[in-house]
Every structure is written in structure tokens, then in C-alpha cells.
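Colleague: I have a model on screen and some terms to pin down. Can you walk me through them?

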Amino acid sequence: KSMNIKQMIAKGLLISLMAGAVTGCSAVREKNIVFKSAQEEPPQTNLTFFGFKYEALNVMAIEESLHGFMDRYPDISISYDGIKSPGYFDVLEKRLATGNGDDIFMVDHERVLELGRQGKLADLSGLTALENFSDLAMSQIEAGDEAVLYLPTSISAFGFYCNLDLLKEHGQEIPDNLLELEAVCDYFVSQGITPVVANNDISLKTVVIAKAMYPLYRQDDSAAELARFNSGEADLAQALYPGFQLAEKMIERHWISPEITLETAKTKDDLELFAKGEHPFMMTGAWAVPRLRELEPDFEFEVYPYPIMEDGSVLVINIDTRVSVNADSAHLEEAEKFVEYLTQSDVLWDFVDSQSSFSPLKENRLAQDKAIQPIGPYLNNGRCVIGADDNLYFPIWDLSRQCIAGMLQGDDADAAVTRMSRLIAEWADEQQGDL
């Protein structure tokens, strides 16, 4: 019988398959053919997240948020890369300048000013997550420009660490105001003990800012007061003079060692010095509490606000770990989805708690770490100063650090003010030249 066309095609295919089965043994050894299911297909979008959080606890919390995000959006993959600041910012700026910027990255006050002016930060004002932030956080997020250039993921605090055992051994109390601080520090100096461990970055500059700017934050409209510095109506360098005077006193009366402080890296060397149990106090970030515990000090400690005002203590905070989206990202929509996810209450709290910090959202969760609980009430009792306020158009955080470095090398308060004036003028000229 003759075959129709369909039968002829089928017979040809059968012969081809049989031939393949006989002759294909050697070919099978050379090449495996793998069939992938739809679930094994690579994600459609790959995001990168760059930050200055590199400690194990922080990275673990970040990794948890990444996995949670990818579970919710299986078509998006995201990876995190973290290195320590200040080196982080050099790398960040180089990546952005060469067109190799990550989709999402962490910024500080100074980089919000610089990168925002350069158009490198995407506007996040359309995110619904903004509804969840506290009034304090929104006063920073919405400062200056109508655009929202970052979202904060924590409120960090700068604390006065107290070695409770050493204080008790010497019959001394935790100081609650400047007079008490002077008395206890002078006592320890008389015993041949340097009372305060300080580092070469955040310790003394936060004292300067707190002491000098606290009266401003007692005003009804601190943003309006800060605007006077921006316009030139008020002199920021001169306003910092009382703070520089206090730093000068701390150095002259040997409450700190300027030589040691110059060589002491923040939340690393200072923690190792304090952990030895030979100093009653330390000034550094409250977020370093878990790291201090890892050093296993053989004494009890608690963290308090700075006792530097005549009528009590004052807390220095920052709206911190700011997360921005690269305006040049090829995946803007997906990157914004991640920022939205990261700032959800439960997701954010894990990250906040891993840093012994406080939430920027409209929630009043008590910090789980008991060592920093004495700080909590100062967030809302009116005795609080923002270290790097977004309403200020000068990078006070970095400029004040440079002035303190000068004081540790011999400058007095007057010289620090002169240096601050010069640095502000240079920075303003630089910004004008870049326009």
C-alpha cells in the first residue's frame, strides 16, 4: 500500500530517532542536555544594594530583608555589598562617577546635599511608605526640597557609656548635668585615671554640636533658626563656639587624652579601650553596644545622654542609615519596591534592633537592649539635638570633625571657630563652582 504524506513523515522521524539511539552514545558523553522548569529560570531583574553596614548582626538583618523581598517578588534578585565608612563614601562616589553605581545605596547628610544637587538621587516622594514615618523623621525627609531623596531606616543615638562597677568602686555616681560631670571627671583625674574614652571621629564633635545647638532646638521652630545659618543671617561657626569651649575644657582638664584620641578609631579602638575596665566613661554611638558585649567586658555598663548642660543632659541623634535609589538605575521601579519593602514596620524593626537604635516610624517600640533604655525618653522629652540636620545646608558633621582634629593637635576654641569659618566658606565656594 502506498503511504500518505503524514505516514511518510512519521516513519522518517522514527528512523531518525532510532539512529540517534544507536549512534548517539558517544555524543551523550560529550554534551548533557538539561531541561529547566519555569521555576529555575533566572530572575528577570538583578538589583544591587551598597551600604556602610558590614557588622555581622547588621548584615544578617539586611540579608533577612533581602530574602523576604525576593520571596515576595520572585522575578527580582537583590544582593548586598557592605564596607566600613569613611572609605565607603569614596567607593560610592567613584562608582557613581564612572556610571557603575548600584541601584540602591546608603547615604549620609553630606552626600544627600552633594548627590541631590548633581541629580544622582531618585525622587521617592511617590512611595506610600512615607505615611508611616514619625513627625521627627519627616522633618528631615522633607527638609529643603520638594523631592524626597532618601528614606531613613533608623534613628541612631550617641551615648555616654558608664562603667557601673568602676563608678561604684570609687564611690562615684552617674553624672546628670555639667556640674556633676566636672566633679566626677576631676575626681578620676586626681586618681591618675583618664575618665573618658573618646574616638577621633564622632565623640567630641557630637559634644560640640549638642552643647552649642541645644538652645536652638528649644525654640518653637528650630528649622527656621537653622535657615538663618543657610541665608547667612546667622554665623554657624560662631554659634558653635560654646561647644568648642567645652571640648577645650575636656582636653585641658585631662578628661580625655588628645594623643590617644587622635589614634582611636570609632566603635572599634574605643570599644577595646573601654572594655579593659580602666575608664569610667566612653562617648560613642549607642549602636556599638552589641560590639562591646562581644569583647566580653567583666563589668556592667549602661548608656546615657550627654550630661553637658547646666540643667541636665541632652541626647544627640541622627536620622540615620539613609537609603537612596540611583536616579540612573535601569531598574528604578524595582529598586523603589525594595525601599518600600525595607521600610515596612516589622521588616525595619529587625534592622533597627540589630543596631541598638530606634525606629523612625510612627511606633513606640521600646528598644530591646536594656543598656540603651535610659536614652529612649530623650527622643520625646524636648532634650534632643539632631547632629546632622537636613534643614542645614552645610555638612556640619564632616566640617566639625575637621575642627576637632585641629583641637586634638593644639587648637583652642577660637582657632576652631576660625577653622570652621574657613571650611564653611570653602565648601560654599565649591558648591557654587560645581553649578
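Modeller: Start with the strand β9. It gives the most to the lining of the largest pocket, with 5 residues. Keep in mind that this is a predicted model.

Colleague: Which other elements supply at least two residues of that lining?

Modeller: Besides β9 (312-325), they are α4, α5, β4 (151-163) and α18 (396-408). The lining has 37 residues, and S85, F89, D201, K266 and W397 lie nearest the centre.

Colleague: What makes a residue part of the lining of the pocket?

Modeller: It needs an atom within 4 Å of a pocket point. By class, the lining has 12 nonpolar, 10 polar and 15 charged residues. The space in this pocket is about 840 Å³.

Colleague: Why is α4 called roughly parallel to α5?

Modeller: Look at the angle. The axes of α4 (residues 87-97) and α5 (residues 109-117) cross at roughly 10°. Angles under 35 degrees count as roughly parallel. So α4 is roughly parallel to α5.

Colleague: Which residues of α4 and α5 meet?

Modeller: From α4, they are F89, L92, E93 and L96; from α5, R111, E114 and L115. That contact has 4 nonpolar, no polar and 3 charged residues.

Colleague: What makes a residue of α17 buried?

Modeller: Its relative accessible area must be under 20%. In α17 (residues 345-354), V347, L348, W349, F351, V352 and S354 are buried. Therefore each of these six falls under that 20% cut-off.

Colleague: What do the buried residues of α17 pack against?

Modeller: Their partners are α3 (56-72), β3 (104-107), β4, α15 (289-294), β9 and α16 (332-342). Just after α17, S356 has a positive phi of about 50°.

How values were computed: Residues numbered from 1 in each chain as written. Predicted model: local features only at pLDDT ≥ 70, side-chain atom pairs only at ≥ 80, totals over all residues. Heavy atoms only, no water. Axes fitted to C-alpha atoms, helices over the stretch in contact; angles between N-to-C directions. Helix = DSSP H or I, 4+ residues; strand = E, 2+ residues; numbered from the N terminus. Parallel < 35°, antiparallel > 145°, perpendicular 65-115°, else oblique. Contact = heavy atoms within 4.5 Å. Nonpolar A, V, L, I, M, F, W, Y, C, P; charged D, E, K, R; others polar. 1 Å grid on protein atoms, 1.4 Å probe; cavity = no way out; pocket = protein on both sides within 12 Å on 5 of 7 lines; lining within 4 Å. Points joined across faces, edges and corners; volume = space filled by probe spheres on them. Buried < 20%, exposed > 50% of the residue type's maximum accessible area, 1.4 Å probe, protein only.
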